[in-house]
Structures are given as C-alpha cells and as structure tokens.
Amino acid sequence: MSQQPEAVLQHVARKITPTDQERAKMVGLSEAIQHEVEDVLASSGIQAKVSPQGSFARDTWLSHEADLDIFARFPPTTERKEWEEKVLPAMRKYFSRYRVIERYAEHPFLEFHVDGVRVNIVPSYDVSKGEWKSATDRTPYHTEFMQAHLTPELRREARLLKKFAKGIGTYGAEIKIGGFSGMLIDTLVLYYQSFMETLRHASSWNKVTLLEIGKPESVVSSKEKDPSVDLIVIDPVDPNRNLAAAVRPDRLWNFVGAGRQFLRNPGPWYFFSPEFRRRTWQQFAKRIDSNGHELIAITFKHPVLVPDVLWGQLIKFERSLVEMMAREEFDPYRSALWSDETRESAVLVEVDRIMLPEVKVQRGPPVSKSEDSLSFLEKHLRARDTVRGPRIEGDRWIVERRRGILSIMDLVRAASREEAQGLAIPKQMAESFRRSVKVLQNREVLSMLGRKGFDRSLWEFLEARPSWLKTGQS
C-alpha cells in the first residue's frame, strides 16, 4: 500500500533541512574562507569583491550535503589570464593544506573539501545586468533574485525538489551528469509554487515546454524547435538564456518518468538512492550470462585531466565509438561510461554480436539508374574483396564482399591506427589510448572489478533499471 505523499515529504523535509548547528557551522566557514580569499587577492595586488553565492546564499542547500561557492568578482577590465596565471596559482598554494582540484566551466576554478563541505572558489566579472562577460557573472544576480522571491515555504519545496533530483540521479549541470542545476531547480519551484505541482506539470511535458516567470506555460512550435532542446526555462535575470540548456534528454525524461511514478507510488526511495551492495564475482557472471546480449568493455589509460574536460571528451568518444560499431553492423544498442577520473576509463557496450560473417551482402543502386549502375559495376567486378556477383535481385544490383574486419577487437585495433575508421579519439588521449586500449568480452570484463566505482557502474549497467522504479514499498 502506497504512503501518502505529504507524509513522505514531511519525513524527507525533516532529514534535509539544515539544523541551527549546521547553519552556524556554514556561516563560520563561509566567513573564514571569504576572508582568506580576500587576503590572497590583496597580497597579489588584485582588486575584487568576494562573497558567498549559490545554494548557500539562496538558502536552498541540503543538510549534510552542503556546497559553499565563494565568488571573486573582478572589474570588467581584468584580463582572464590574470586569474589563470597569477590568482589561480596563488589560491592553489594558499589552500594547499586541502586536496585542491582544478575544475573547468567557462574558465578554471578551484574545488576542495573542508570538514565534509565542498568549497568552490569561482571567478566572475562585476558587471551590470545584461553586460555579461562570462556565464558566472549572472550568479550574484541569481542570488539577489531568489533571496527576494523565495519564501521560507518555497525554500522547503526547493530542497525537496533538489533532493528528489539527486536521489534519481538527475541533479548537477556539470558535463559528467548533464542534469538540473540548483538555479533551475529553484526556478521550477518558484514557477509552479511547490514540489508536488512541479511533478504534476512535469509529468505531462511531452513537447518542448517553455517556462518563464510571470507567464503561462506554453509549447514551442515545431518550426521554432531546436532539436537538441526539450525544455526551455527562461533565466529570470537574462531573458536570452535557457536555464535548462545543459540538461541532456535522458536526464530530463528520467526526471519526468520518476516524477510520474512518485505521484502514483510515493516513497522515500526517490530521495535517498540506496547504497550499493557489493556483489560477488559469481553474481556478476550470472547476470552477464543471462542478459541475452554480448557485453563489451573498451578500456584505456589516459593522462590526468580536469574532470569536466575528461568527461566532455569521454562522452564524445563514446558517441563516436558506438556510431562506428553501428556502421560496421555489430548492432550496439546500449552504452555507458566509467572512469576513475584519474588515469583509466572504459566504455561499456551491449551488442548483438561480437563476430561478423566473413561475407557481407551489399545492396547497390537501382538498375534503372544507368550512371550509378556503371560506377557500381566498375568498382566491384574486379575488386579483390568481391566474393560473388555483382548480380541483379529485384530492381537492384547486389554484390557479396569479403569483410576486412570480423570482430570488435579487430575494429578497435584498426580504429586506433587508422583515421579512415572514423573513430574520434581526443587528441589529449590519443597516444595513451593507442598504447593501452583493451577490448574485454563478457566475463573478461570482470577483470576490472575492484577499480574505483567500477563494480557499481557495471552492476547498474547490467541491471538496466533505475533504482527508483519499484512496484511496491521500499
């Protein structure tokens, strides 16, 4: 029997709303980091306004999951290279007592953890509204807007929606995830005025939905539709910007599907994704043997890259790899990425076949097209790879050709050496990819077990069902 939605939401809200003690800790940490950033800038002779931004400043952050964004707002005349060549190294050195990671959005910023809190130090320009020089310039205006418009009740709803998006794996605008940003979550709640109303309306999105604060929901006509966009949420501080532009289709429709399921079958499991339960080698092997498809893992080493750069390159590589397999008729139909985010990554692919027949039947042009027919015959009559034909079947020429590549292993090896195969290997990875690439098949993939995060990635890929999709109670 399903639980009542409000009972679930009250239970979740109690868990995710920061306590007074947590708030005091965050205020203290924010002030301390802010002062330290100001000291670094002053010692470097750099002028900037330093302030907390993001979900902490908007008061939509989650208990035990706090992020602290400290922005340094530089005068518009400041050159970017001054941040990259002077300020960034000074900040990295000053905060070297922490494990500092360089991340990249439109420009590099620093990330480190202090007492379980993720801290980001982000550069931006102190510009007037509409005179943006970088994407982060809007953030202080976002903070100002939400501080003025979010009531305590709406902040509760925003926390619920954020936790929901996190629980189903659709939260985070970084390239690795391609999901909903915190500002997008807050804007949806402000538009629909509650968590439940957001899910109710989202559950009926089926075309390109256009949302703008103060205006009715509308649908973009097919003539105006950008094929890469399924949701448009106008930025309340920049009418020319879509807050949902970075949301990938799979993340958007997971959000819609999960929201629809929550309305039918409410439960806390949508908000709190289960901890991964370790599986044995035998359990993995049984699942691989019974899934009805061939499992492939293309693994390779690469240099250490900024995470956002790494994931951007991996996503493009995965797409190119799957397209190449499809061209060669291995019939891939699912794929996923894994990376330890340091030196090793893999593409998991399920295909219909690992080996191809030696002979390929190739359809030629219609006999009625004389010039195309002549070209086809000239190409294949004396070709070394022609096994039988050409001949006419129905209204077309047909030829049987010997394949040059019979296995996925052969294909990947050839693609690593020959650009003609059309595999887009990122330049920063190319040399190490060619030296280290391996093609693992079915149970061979289990040799990767134990690597950071691989067990969970593989099991979820084999399971092929989101954790929030349940038929009964949690």
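This section describes the overall build, the aromatic pairs, a pocket and some backbone features of a predicted model.

The protein has 474 residues, of which 50% count as buried. Its secondary structure consists of 15 helices and 16 strands. Taken along the principal axes, the box filled by the C-alpha atoms is roughly 80 × 60 × 50 Å. The protein exposes about 24,100 Å² of surface, and carbon and sulfur atoms supply 49% of that area. Contacts were also sorted by separation along the sequence. Among contacts between residues at least 6 apart, 68% join residues at least 24 apart.

Aromatic rings were examined next. A search of the whole structure finds 23 aromatic pairs. One of them is formed by Phe-164 and Phe-195, with 5.6 Å from centre to centre and 75 degrees between the planes, an edge-to-face arrangement. Phe-164 belongs to helix H6 (residues 152–167) and Phe-195 to helix H8 (residues 195–202), so this pair ties together parts that are 31 residues apart in sequence. Both Phe-164 and Phe-195 are buried.

Another pair is made by Trp-338 and Phe-454. The centres of these two rings are 5.4 Å apart and their planes stand at 90 degrees; because angles over 60 degrees count as edge-to-face, the pair falls in that class. Trp-338 is in strand E11 and Phe-454 in helix H15 (residues 454–463), and the pair links distant parts of the chain, 116 residues apart. Trp-338 has a relative accessible area of 2%, so this residue is buried, the cut-off being under 20%. Phe-454, with a relative accessible area of 0%, is buried as well.

Ring pairs also join into a cluster. This cluster links Phe-164, Phe-180, Phe-195, Phe-255, Phe-262, Trp-269, Tyr-270 and Phe-271. Phe-164 and Phe-195, the pair from helices H6 and H8, are thus among the members of the cluster.

The second largest pocket holds about 200 Å³ of space. Its lining includes the consecutive residues Arg-401, Arg-402, Arg-403, Gly-404 and Ile-405. The other lining residues are Arg-327, Glu-328, Lys-360, Asp-385 and Gln-421. By class, the lining residues divide into 7 charged, 2 polar and 1 nonpolar.

Three backbone features were noted. The peptide bond between Gly-389 and Pro-390 is cis, with omega at about 0 degrees. Pro-390 is part of strand E14, which covers residues 386–393.

The other two features concern aspartates with a positive phi. Asp-59 has a phi of about 60 degrees although this residue is not a glycine. Asp-59 is located in the loop between helix H3 (54–58) and strand E2 (67–74). The relative accessibility of Asp-59 is 21%, and because the range for partly exposed residues runs from 20% to 50%, Asp-59 counts as partly exposed.

Asp-331 likewise is not a glycine and has a positive phi, here of about 55 degrees. The loop that holds Asp-331 lies between helix H11 (307–327) and strand E11 (332–339). Strand E11 is also the strand that contains Trp-338 of the edge-to-face pair with Phe-454. At 34% relative accessibility, Asp-331 counts as partly exposed.

Key:
Residues numbered from 1 in each chain as written. Predicted model: local features only at pLDDT ≥ 70, side-chain atom pairs only at ≥ 80, totals over all residues. Heavy atoms only, no water. Helix = DSSP H or I, 4+ residues; strand = E, 2+ residues; numbered from the N terminus. Buried < 20%, exposed > 50% of the residue type's maximum accessible area, 1.4 Å probe, protein only. 1 Å grid on protein atoms, 1.4 Å probe; cavity = no way out; pocket = protein on both sides within 12 Å on 5 of 7 lines; lining within 4 Å. Points joined across faces, edges and corners; volume = space filled by probe spheres on them. Nonpolar A, V, L, I, M, F, W, Y, C, P; charged D, E, K, R; others polar. Contact = heavy atoms within 4.5 Å. Areas by Shrake-Rupley, 256 points an atom, 1.4 Å probe, with all protein chains shown as cover. Phe/Tyr/Trp six-rings, centres within 6.5 Å; stacked < 30°, edge-to-face > 60°.
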